Amino acid sequence: MGFRRAIGATALAAGLLMMIGGAAASEDSKYPDLKGQWRRAGGGGLLAGGAGGLRYDESKPPAPTPSLGQEPPLTPEYQAIYEANLADMMKGGQGIDPTYACVSPGMPRIMIVYGSMEVLVTPDTTYILLTRDHDFYRRIYTDGRDFPADMAADPKFLGYSIGKWLDEDGDGRYDTLLVETRGMKGPRVFDATGIPLHADNQTIVKERIYLDKASPNLLHDDITTIDHALTRPWVVNKTFRRVQTDKPIWWAHEVCGEGNAHVGIGNEVYYLSADGLLMPAKKDQPAPDLRYFKQTNR
């Protein structure tokens, strides 16, 4: 009798596991296949004109002009801020780009995707994981929630992202993720040239994320940024290519602070030389205030 009960319990457990597994498979079938490692498609949008890094709008050609070819739709006030920032960079300074000190690039800059990207889809949350640094991950909530009431009191560099899955072609399977991000804090810029976002941090970023219909190994992210530093919404398209390999993928992990030679003191940014001494980053840069250090004659 006990033996029959044991067999019955085992069969019941196996049946429940099959039901759970079947439900999970059915749930997975509702979403697009975004598994694997994604990297920037194309040339990567390298900058020219005296600044390093990657362009926010890589569809525009690099050029040695004040806007470095991107022509951001800035208001006159923020165009002046941008040009002063570029002038400081040309002298060897960091301008207004906060990432020299390993501050998060924030949204929408993080979606330049400097390294590789992984997209994990669950019914309630879609996670976007990026390998450039330990804090580069996004949670896009798709469980029907609204933005938190206290969002303005607790802003985040990556903001709060609310998403909604759509079945645009009516085949019974989701194909497009619409995302809206608010509640971002600064300072933030669009890219390494220091294209500024407004100091009021009222930015709204809208995204449309979807697989290419002609190639399932291309992923698009249409990004619309609405910000008071802009004369109109700025729309760019980011395209990522899925890595094709028959080898296991090992994900990198980087820590920005490791090997960072930039030292910010007051309003100035200096450089740590190879022999561990503080040195100027710009010509005729004033030395830091040493009033709290014992002065010695040399």
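What follows is a chat between a visitor and a guide about this predicted model.

Visitor: What makes strand 8 and strand 9 a pair?

Guide: Two strands pair if there are at least two bridges between them. Strand 8 (residues 218-226) and strand 9 (residues 234-242) have 8 bridges, running in the antiparallel sense, so they pass that rule. Look along them and you'll find Leu 219 standing opposite Phe 240.

Visitor: Where do these strands fit in the whole fold?

Guide: They belong to a barrel that 9 strands close, in the order 1-2-3-4-5-6-7-8-9, with mixed pairing. From one strand to the next, the twist averages 30°.

Visitor: Why is Lys 238 called buried?

Guide: Buried means under 20% relative accessible area. Lys 238 comes in at 1%, so it counts as buried.

Visitor: And how do you know that Lys 238 forms a salt bridge with Glu 58?

Guide: The rule asks for a side-chain nitrogen of Lys or Arg within 4 Å of a carboxyl oxygen of Asp or Glu. Here the closest N and O atoms are 3.9 Å apart, so the pair makes the cut. Lys 238 sits in strand 9 and Glu 58 in the loop between strand 1 (38-40) and helix 2, so this salt bridge ties together parts that are 180 residues apart in sequence.

Visitor: What is Glu 58 then, buried or exposed or partly exposed?

Guide: Partly exposed, because its relative accessibility is 22%, and that label covers values between 20% and 50%.

Visitor: How many salt bridges are there by this rule?

Guide: The count comes to 12. One of them joins Asp 143 and Arg 145, with the closest N and O atoms 2.8 Å apart.

Visitor: What makes Arg 208 and Asp 222 a link between strands?

Guide: Their closest N and O atoms are 3.9 Å apart, which is within the 4 Å limit. Arg 208 lies in strand 7 and Asp 222 in strand 8, so the salt bridge ties together parts 14 residues apart in sequence. Glu 168 joins in too: Glu 168, Arg 208 and Asp 222 are linked in a network of salt bridges.

Visitor: Which residues have the most contacts inside the largest nonpolar core?

Guide: That core has 38 residues, and the ones with the most contacts inside it are Met 111, Met 117 and Leu 219. Helix 2 (76-90) and strand 8 are among the elements that each supply at least two of its residues. Leaving aside neighbours within four places in sequence, Met 117 touches residues including Met 111, Leu 219, Phe 240 and Trp 251.

Note on methods
Residues numbered from 1 in each chain as written. Predicted model: local features only at pLDDT ≥ 70, side-chain atom pairs only at ≥ 80, totals over all residues. Heavy atoms only, no water. Helix = DSSP H or I, 4+ residues; strand = E, 2+ residues; numbered from the N terminus. Axes fitted to C-alpha atoms, helices over the stretch in contact; angles between N-to-C directions. Core = buried A, V, L, I, M, F, W, Y, C linked by side-chain atoms within 4.5 Å. Buried < 20%, exposed > 50% of the residue type's maximum accessible area, 1.4 Å probe, protein only. Contact = heavy atoms within 4.5 Å.
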